[in-house]
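Student: Please take a close look at one helix in this model. I would like the end of the helix, its dimensions, its burial and its packing in one connected account.

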Amino acid sequence: MVSRVILGLGLVFSPVAWGQAQQGQEVVLEASAGSKLGIAVPRPQVTGLAEAKATGDFHEVLIKDLDEAGPFAVIKGAHPAGTDASSYKGWADAGTEWLLTTTLTRAADGSVEVVAQVVDVKAAQDKKARTAVFSKRYTGREAALRRMAHKLSDDLMSRLTGQAGVASTSVVFVRQLSPGIKEIYQMDRDGANLMPITSYKSLTISPTVAPDGRVAYVTYKGGAPEIWGQKVAGGPHVRLYPVAGKVEGHCFCPVWSPDGKRLALVQGDRRGNTDIVVLEVATGKVRRVTDSNCINTDPSWNPAGTQMAFTSDREGGPQVYLMEEDGSNVRRLTREGTYNGSPAWSPSGSMVAYVSRFEGKFDLFVYKLGDGKSYQITTGVASSESPSWSPDERRIVFTSGSRGGMQLYTTDLSGNTLRKLTAFDGCQSPKWTRSR
């Protein structure tokens, strides 16, 4: 029998105190599974490769991917020695439901073939035969072992839940290299394969990634801030805004629309006010969607591209608001706390993550639109900022630390499973993407 797990969000009362929300509930979200599938992953059979390479770049990566995927409970500890039908009872007694075996073989041309097979041991032990519920081959160069492990994890996730996994996704972010020098970088969502996207030797910040992988960002490489990026996937990086000449006031916070045709961005004026405008990238046409004597910033599209969340101080302190894409129907979302901002609309459209300041530091919160309530995600002495959702909506990547010492972390929606992605300071503005 093939198990299938249905995942959902449960509410759990938390003992943590939320300073701003004394009038509200002290609750957090917990990403809970109705049940997790016990999966065992014995060491692979290896032919023609160094054991250390197969272990470090494949087996350990695969176990970590499955452990962090959500619906799997990777069986650890003492295992039966074999993986044939006579061992199934031993695996089942150890809590295994799925037994994932792999072979890694180097071919004559130097490529590596990975063969993965999954047996439902509880169903198969009655039949005394090896009945695979999943079987697949992967081929690539030795340098692609990590990528093949990610792909296998995502394929099992899809097989089990019908949903796309995130093992093969990436995080694009800002990295400070020296005082005044920041560049855009990219790495795998587990922190591996760090590589630069820009190399301007200037201040380059605020990355955003379109659904087809195009990037846009703010750079000061020409002196005044300009928005640069790609008009076509894989194309050269060109200036996107100002479209021609100079525009009075600074521009910042570009965000690709879900259809990849528009950029919402923030335009300042000489009075110190800022408004959100929308750039039609193909035509260069710009239209203003907010127009008030205050700070309007941090635009974040809903998945349909019909609405935006944004930060505004139009009623005093910064708060999160929602509006239609044309600037109409503005309504306030957050009401607890005196400083809320950096909204990030979730991939399904059902939640908005944001940060709230209390006693000089920020923590992550999630507003559930169906409930009309906010839930606290992080607590602690460090400031947690710049939330960005994973594509499967199970986790949030964010920066945490002291000023100048910010690093990248991820958390589930309970705030209980924090994971550090980086081993260097100076990180900001992460964006979790499936498209690069």
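Tutor: Gly 162 comes just after H4 and has a positive phi of about 80 degrees. (Helices, H or I of at least four residues, and strands, E of at least two, are DSSP runs numbered from the N terminus.) The model is predicted, so local features need pLDDT of at least 70 and side-chain atom pairs count only at pLDDT 80 or more, while totals for chains, interfaces and linings use all residues. Residues are numbered from 1 along each chain as its sequence is written, and side-chain values use heavy atoms, with hydrogens and water left out.

H4 itself contains 17 residues and spans 24 Å from first to last C-alpha, close to the 24 Å expected at 1.5 Å a residue (1.5 Å times one less than the number of residues). Of these 17 residues, 12 are buried, so H4 is largely enclosed by the rest of the structure; buried means under 20% relative accessible area, with a 1.4 Å probe and protein chains only. The buried residues include Leu 145, Met 148, His 150, Asp 154, Asp 155 and Thr 161.

Leu 152 and Leu 156 are also buried in H4, and both are among the residues that touch the most other members of the largest nonpolar core, which has 30 residues. Such a core is a set of buried Ala, Val, Leu, Ile, Met, Phe, Trp, Tyr and Cys residues joined through side-chain atoms within 4.5 Å. Elements giving two or more residues to this core include H1 (51-69), E6 (98-106) and H4 (145-161). The largest share, seven residues, comes from H4. Leaving aside neighbours within four places in sequence, Leu 66 is in contact (heavy atoms within 4.5 Å) with Ser 153 and Leu 156, among others.

Methods. Buried < 20%, exposed > 50% of the residue type's maximum accessible area, 1.4 Å probe, protein only.
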